[in-house]
Amino acid sequence: MMSNNAVYPSLKNKVVVVTGGASGIGASITCAMVKQGAKVGFLDFDEGASKQLIKVLDSEYVVSEICDLRDINELQNSIQNISSKLGPIDVLVNNAARDDRHSLESVTSEYFDERIATNLKHQLFAAQAVMNDMEKNGGGAIINMGSTSWMIGQGGMPCYTTAKSAIQGLTRGLARDLGPKNIRVNCVVPGWIMTERQISMWLTPESEKELMQRQCIKRKLVPDDIAKFVLFMASDEAGACSNQTYIVDGGWL
């Protein structure tokens, strides 16, 4: 059976790194890239999920690195390992994050630093780790994953919304600095995407009712909705796109 999904010939044989690539949105991006013929290395702290995805994909052109992205040396060494196995990096998808809820009064200095490390810091250092490969390749694409949570003024997780709002500024700064190297940097901002984690932890009849009221598109969005857009942003079809933020939220905002 023929697929109705778009095919991007420019992604074939490209070397792609996906952080947090073993589950949720990250796993959908990993799988979508593999279907396009890309060589994919994904990073994740969940060894079980990583092994399962490797088994499902069953490709010599997919490798995983078990990595705690909060450890910058471990992060950059893992990216170097992927480059050594698959070749110089062409595309980086800075996907990894955790939207754990927390109250303002519970936040300590240590917790704030840990949340920033989990949701923001690694994006800059992952970009730093791939920029030389991309320059040698004649260019590349970096896609940073944001969140609409801060845009809609969501409460209950101030450290997360602080980190996610900063990604937009990081994107614009990196785009300006890396543009002369023909490296495009953009931010993709998902709305509420129905990953297994979101469904099991946060989805309630009340929140689903609000979602359907606020979104223009009256269906729940799934990880594949984000993966499809990331494919476009990574491909040569988006070759004139940089320094921008693209919201994929079903029309909530």
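The following exercises, with worked solutions, concern a predicted model.

**Exercise 1. The sheet**

Determine the strand order of the open sheet and identify which strands stand at its edges.

*Solution.* Begin with the order of the seven strands, which is E3-E2-E1-E4-E5-E6-E7, with parallel pairing. Next, consider the two ends of this order: strand E3 (62-66) and strand E7 (245-248) each have a single partner strand, so one side of each is left without a neighbour in the sheet. Finally, the turn between neighbouring strands, direction ignored, is 20° on average.

**Exercise 2. A helix on the sheet**

State which strands helix H2 touches and what angle its direction makes with that of E3.

*Solution.* Helix H2, residues 47-57, packs on the sheet. Its contacts there are with strand E2 (39-44) and with E3. The direction of H2 makes about 175° with that of E3.

**Exercise 3. The pairing of E4 and E5**

Establish how many bridges join strand E4 to strand E5, and which residue in E5 stands opposite Asn 94.

*Solution.* Strand E4 comprises residues 91-94 and strand E5 residues 140-145; the two run parallel and are joined by four bridges. Within E5, the residue opposite Asn 94 is Asn 144.

**Exercise 4. The setting of Asp 99**

Locate Asp 99, decide whether this residue is buried or exposed, and name the partner of its side chain.

*Solution.* First, the location: Asp 99 belongs to the loop between E4 and helix H4 (109-137). Second, the accessibility: buried means under 20% relative accessible area. Asp 99 has 11% relative accessibility and therefore counts as buried. Third, the partner: the side chain of Asp 99 makes a polar contact with the side chain of Arg 101, at 2.9 Å.

**Exercise 5. The surroundings of Ile 167**

Find the helix that holds Ile 167, its relative accessible area and the residues that it touches.

*Solution.* Ile 167 lies in helix H5, which spans residues 158-178. With a relative accessible area of 0%, Ile 167 is buried. Leaving aside residues up to four places away in sequence, Ile 167 touches Asn 119, Leu 120, Gln 123, Asn 144, Met 145 and Cys 187. Asn 144 in this list is the residue that stands opposite Asn 94. As for Phe 229, its separation from Ile 167 is 62 residues in sequence and 18 Å in space, C-alpha to C-alpha.

**Exercise 6. The second largest pocket**

Describe the volume and the lining of the second largest pocket.

*Solution.* The space in this pocket is about 260 Å³. Its lining consists of 14 residues, and Asn 5, Ala 32, Lys 35, Gln 36 and Leu 231 lie nearest its centre. Helix H1 (24-35) and helix H8 (223-234) are the elements that give two or more residues to the lining.

Methods:
Residues numbered from 1 in each chain as written. Predicted model: local features only at pLDDT ≥ 70, side-chain atom pairs only at ≥ 80, totals over all residues. Heavy atoms only, no water. Pairing = 2+ DSSP bridges. Axes fitted to C-alpha atoms, helices over the stretch in contact; angles between N-to-C directions. Contact = heavy atoms within 4.5 Å. Buried < 20%, exposed > 50% of the residue type's maximum accessible area, 1.4 Å probe, protein only. Polar contact = N/O pair within 3.5 Å; in protein donor to acceptor, adjacent residues only side chain to side chain. 1 Å grid on protein atoms, 1.4 Å probe; cavity = no way out; pocket = protein on both sides within 12 Å on 5 of 7 lines; lining within 4 Å. Points joined across faces, edges and corners; volume = space filled by probe spheres on them.
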